[in-house]
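Biologist: I am new to this structure, and I would like to understand the reasons behind the words used for it. Could you show it to me before we begin?

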Amino acid sequence: MRIGDRIAFRQSETWQKFRQEVAERQGNNDYVTGLPLTEDWNCHHLCVDQEKYNELNFDNFIAGDSNKLPRSV
């Protein structure tokens, strides 16, 4: 899948609903820290197989929020 296809896919209603359900299944918390997600959280795809990019399988996604990770000095 090319970058333009991925962008269009992420703007689809199907993706937006799926993304929200990923967060809800995690209790609207960051996967790593367990802290509440902020408005700019990301839905991380755990499967690196490009052929399976459009397969919306909840086992392959996590809600992550880099704003919740500690910053190193």
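Modeller: What follows is a set of questions about the terms used here, each answered from the model, which is a predicted one.

Biologist: What makes up the secondary structure of the chain, and which pattern does the chain follow?

Modeller: The chain has 2 helices and 2 strands, and read along the sequence they follow the pattern α-α-β-β.

Biologist: Why is Val22 called buried?

Modeller: Val22 belongs to the largest nonpolar core, and a residue is admitted to such a core only if it is buried, which means under 20% relative accessible area; Val22 is therefore counted as buried.

Biologist: Which residues make up that core, and which element supplies the largest share?

Modeller: The core has 11 residues in all, including Phe9, Trp15, Phe18, Leu37, Trp41 and Tyr53. Both α2 (13-25) and β2 (61-64) supply at least two residues each, and the largest share, 4 residues, comes from α2.

Biologist: What does Val22 touch, leaving aside residues up to four places away in sequence?

Modeller: Val22 touches Cys43, Phe58, Phe61, Ile62 and Ala63; each of these is called a contact because heavy atoms lie within 4.5 Å.

Biologist: How much of the chain is buried, and how much area does the chain expose?

Modeller: Buried residues make up 26% of the 73 residues, while the chain exposes about 5,400 Å², of which carbon and sulfur atoms supply 48%.

Biologist: How far apart are the mean positions of the positive and negative charges?

Modeller: For the 9 positive and 12 negative charges of the chain, the mean positions are 3 Å apart.

Methods. Residues are numbered from 1 along each chain as its sequence is written. This is a predicted model: local features need pLDDT of at least 70, side-chain atom pairs count only at pLDDT 80 or more; totals for chains, interfaces and linings use all residues. Side-chain values use heavy atoms; hydrogens and water are left out. Buried means under 20% relative accessible area, exposed over 50%, partly exposed in between (1.4 Å probe, protein chains only). Accessible areas come from the Shrake-Rupley method with a 1.4 Å probe; for residues, only the protein chains shown count as cover. Lys and Arg count as positive and Asp and Glu as negative; His and the chain ends are not counted. The place of a charge is taken as NZ of Lys, CZ of Arg, CG of Asp or CD of Glu. A nonpolar core is a set of buried Ala, Val, Leu, Ile, Met, Phe, Trp, Tyr and Cys residues joined through side-chain atoms within 4.5 Å.
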